[in-house]
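Please open the structure in a viewer and keep the sequence panel visible. The tour below proceeds by selections, each followed by a description of what is found there.

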Amino acid sequence: MNYVKDLETKANYSMTKKIISDALSAPEIDRESRTTVGKITSDDPRVVCKNVNVYYGENRAINDLSLEIGNHEVISFIGPSGCGKSTFLRTLNRMNDTIVSCRVSGEIKIDGKNIYDRDLDVVPLRAMVGMVFQKPNPFPKSIYDNVAYGPRIHGLAADKRELDAIVEESLKKAGLWDEVKDRLNDLGTGLSGGQQQRLCIARTIAVNPEIILMDEPCSALDPIATAKIEQLIAELSERFTIVIVTHSMQQAARVSQRTAYFHIGHLIEVGRTNDIFTNPKHPLTEDYITGRFG
Ligand SMILES: Nc1ncnc2c1ncn2[C@@H]1O[C@H](COP(=O)(O)OP(=O)(O)O)[C@@H](O)[C@H]1O
Ligand SMILES: [Mg+2]
């Protein structure tokens, strides 16, 4: 008898809890809605994107995307393959200029300057907004020359001593110095995959970027090399603003404070990483993080 009473109390309790939580939570969002859910603004914005559209020929790959990226934050872009993560990432340093059919409309401002203004020089832009790719792509040159390449082009060192110092500093920041300091003249391409990726990060850092874009930087790496890069991202975020595309939700949860969920060309939801993973608001985000889609 007591047992039945107990069950009844429990059932009442859980029903009451559900009613309260339903009342407290925001109204259901329509699955078909493509208006971004969540806080797209930042309290300390570094990059301000307004109504960005990206086309490849006739096809629109990014639709009316607005988002602010904060100073020194790590933000992850997640979503099923083909949803436009790389496309949008590339708009942030005009890497998409290299794709003939690609056209961008809308506004992307970094420190108040529209990076699509005609008078803007993309060379310093790409130094300030560096990029690390999915597949480590060191030049077929020595480890030293890989890192020294950018500083040479941009004239950042007055003499060999200064260049040596930049190379050492960059390799240290990329967590690679101890492993390569005795073989700086060896080919960069001879390093392991994880070392090559850290070399590419060192090469990016060497030209004093402020923002680093990473497009699935660990997807070609083993778990140990991945863990090293993730640790590095945490260290780098003290100095840089980092935007990382990742297909690993675990990685997004580990490295980023904010997460943006993309779905077929739309920014569906953005918010604090923890909220996105524990309490997604848009049904499409929920489907993705619970593994029902993608
Ligand atoms: N260079 C390109 N030329 C034409 N279409 C492209 C190009 N790159 C990407 N796309 C298209 O844009 C859409 C978004 O792709 P992408 O940004 O690579 O997605 P994701 O990085 O999320 O996998 C896809 O439909 C893809 O086919
Ligand atoms: Mg991609």
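**A guided tour**

Begin by selecting Ala260 in this predicted model. Beyond its neighbours within four places in sequence, Ala260 is in contact with Leu67, Ile75, Phe77, Leu267 and Val270. Ala260 also belongs to the largest nonpolar core, which has 69 residues. Ala202, Ile212, Leu213, Ile242, Val243, Ile244 and Ala260 have the most contacts inside this core. Helix H7 gives the most to the core, with 5 residues.

Next, display the open sheet of 6 strands, whose order is E6-E7-E8-E3-E9-E10 and whose pairing is mixed. Which strands stand at the edges? They are E6 (129-132) and E10 (266-272); each has a single partner strand, so one side of each is left without a neighbour in the sheet. On average, neighbouring strands of this sheet are turned by 20° against each other, direction ignored.

Now select residues 211-215 and 241-245, which form strands E7 and E8. These two strands pair in the parallel sense over 5 bridges. Within the pair, Leu213 stands opposite Val243 of E8. Add residues 193-205 to the selection to show helix H7, which packs on the sheet and touches E6 and E7. The direction of H7 makes about 170° with that of E6.

The following stop is helix H5, residues 160-173. At 1.5 Å a residue, its 14 residues should span 20 Å, and the end C-alpha atoms are indeed 20 Å apart. Colour Ile166, Val167, Ser170 and Leu171, which are buried in H5. Seen down the helix axis, the buried residues of H5 fall within an arc of 125°, so they line one face. As a general rule, an α-helix has 3.6 residues a turn, so residues three or four places apart point the same way. The buried residues of H5 pack against helix H4 (143-153), helix H6 (177-180) and H7. Rotate the view to the face turned away from the buried side, where the exposed residues Arg161, Glu162 and Ala165 are found. After H5 comes Gly175, whose phi is positive, near 65°.

Finally, select residues 45-56 and 59-70, which are strands E1 and E2. In which sense do E1 and E2 pair, parallel or antiparallel? Their pairing is antiparallel, over 8 bridges. Val52 has Leu65 in E2 as its bridge partner. The hairpin of E1 and E2 has 2 residues between the strands, and Gly57 there takes a positive phi near 60°.

How values were computed:
Residues are numbered from 1 along each chain as its sequence is written. Chains are lettered from A and ligands numbered from 1 in the order in which they are written. This is a predicted model: local features need pLDDT of at least 70, side-chain atom pairs count only at pLDDT 80 or more; totals for chains, interfaces and linings use all residues. Two strands pair if DSSP finds at least two bridges between them. Helices (H or I, at least four residues) and strands (E, at least two) are DSSP runs, numbered from the N terminus. Axes are lines fitted to C-alpha atoms, for helices over the stretch in contact, and angles run from 0 to 180 degrees between N-to-C directions. Two residues are in contact if their C-beta atoms, placed from the backbone, lie within 7 Å. The expected span of a helix is 1.5 Å times one less than its number of residues. A residue is buried if 20 or more other C-beta atoms lie within 10 Å of its own, exposed if 12 or fewer, and partly exposed in between; C-beta atoms are placed from the backbone. The arc is that of the directions from the helix axis to the C-beta atoms. A nonpolar core is a set of buried Ala, Val, Leu, Ile, Met, Phe, Trp, Tyr and Cys residues joined through C-beta atoms within 7 Å.
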